[in-house]
Amino acid sequence: AELAKWCRKAINVIVSSQKVPKAKAEKGGWRYSPHTHESDLSVASWQLLCLHAARQCGYSIDDSVINFAMGYVNSGFVMTKDGQSGFAYRPGRSTVPEYGVTGTCVLLKGILENQVDDKMSESLKYLKSFEIGWGGSQYRGYFFISTWYLMQGFFQMGGTGYEEFAGKTRKVLVKRQKG
């Protein structure tokens, strides 16, 4: 019972921090502090996954909270002039897709919208172009978190895309492992 009270308090912080006044492009998301007026898709993804897990544990989460957040997630979809399509880290600010963010948005769309739309289809094409390696500019300096996000996106995609990505990633990690 005590743990359930603490979980409900944490959920309330997440829900109330989504309501902090924000610029139009930031609405529906979260960032690093419950009182910030900014949002990004990395922190927003963690909050959405927490709310999803809370629902699975029986906590009541109003649909409007999830829908508002998914509106923010979907607003992060961008298409560049050279045809790359995926999700940008800071909707309304960032203008290029990033592989890690796209991976987590594919995960979110898969579990929370449960449908394949044009954004999902284009993002999956973009993810398939990812070059796996140790570090590199494709990770934007965040190898481990990007790899985690990508793994989730490829898992959501399923099939040979996931198997290929997981196998190549495993080889890179094992090769760099220190015993």
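1. Let me start with F143: in this predicted model, its relative accessibility is 9%, so F143 counts as buried, the cut-off being under 20%. Next to that, F144 is exposed, because its relative accessible area of 56% is over the 50% mark.

2. How do the rings of F143 and F144 sit against each other? They make an edge-to-face aromatic pair, with 5.0 Å from centre to centre and 85° between the planes. So here a buried ring, F143, is paired with an exposed one, F144.

3. The aromatic pairs are worth a look in general, as the count comes to 12. One of them is Y99 with Y126, a stacked pair at 4.2 Å centre to centre and 0° between the planes. Y99 belongs to helix α4 and Y126 to helix α5, so this pair ties together parts of the chain that are 27 residues apart in sequence. Both Y99 and Y126 are buried.

4. Which residues join Y99 and Y126 in a cluster linked by ring pairs? They are F130, F154 and F165. Keep the last three in mind for the second largest pocket, since F130, F154 and F165 are also found in its lining.

5. On to that pocket. Its volume is about 170 Å³, and besides those three phenylalanines the lining includes L127, K128, E131, I132, G161, E164 and K168. Two elements, α5 (118-128) and α7 (159-176), each give two or more residues to this lining. Helix α7 has the largest share, with four residues. By class, the lining divides into five nonpolar, one polar and four charged residues.

6. The largest pocket holds about 260 Å³ of space. It is lined by 15 residues, and the closest to its centre are S42, Y89, E98, Y142 and I145. Which elements give two or more residues to the lining of this largest pocket? Those are α2 (41-56), α4 (99-113) and α6 (143-157). The make-up by class is nine nonpolar, four polar and two charged residues. Note that α4, on this list, is also the helix that carries Y99 of the stacked pair.

7. One last item if you are browsing side chains: K9 lies over the face of W6, at 4.5 Å from the ring centre.

Methods
Residues numbered from 1 in each chain as written. Predicted model: local features only at pLDDT ≥ 70, side-chain atom pairs only at ≥ 80, totals over all residues. Heavy atoms only, no water. 1 Å grid on protein atoms, 1.4 Å probe; cavity = no way out; pocket = protein on both sides within 12 Å on 5 of 7 lines; lining within 4 Å. Points joined across faces, edges and corners; volume = space filled by probe spheres on them. Nonpolar A, V, L, I, M, F, W, Y, C, P; charged D, E, K, R; others polar. Phe/Tyr/Trp six-rings, centres within 6.5 Å; stacked < 30°, edge-to-face > 60°. Buried < 20%, exposed > 50% of the residue type's maximum accessible area, 1.4 Å probe, protein only. Lys NZ or Arg CZ within 6 Å of the ring centre and 35° of its normal.
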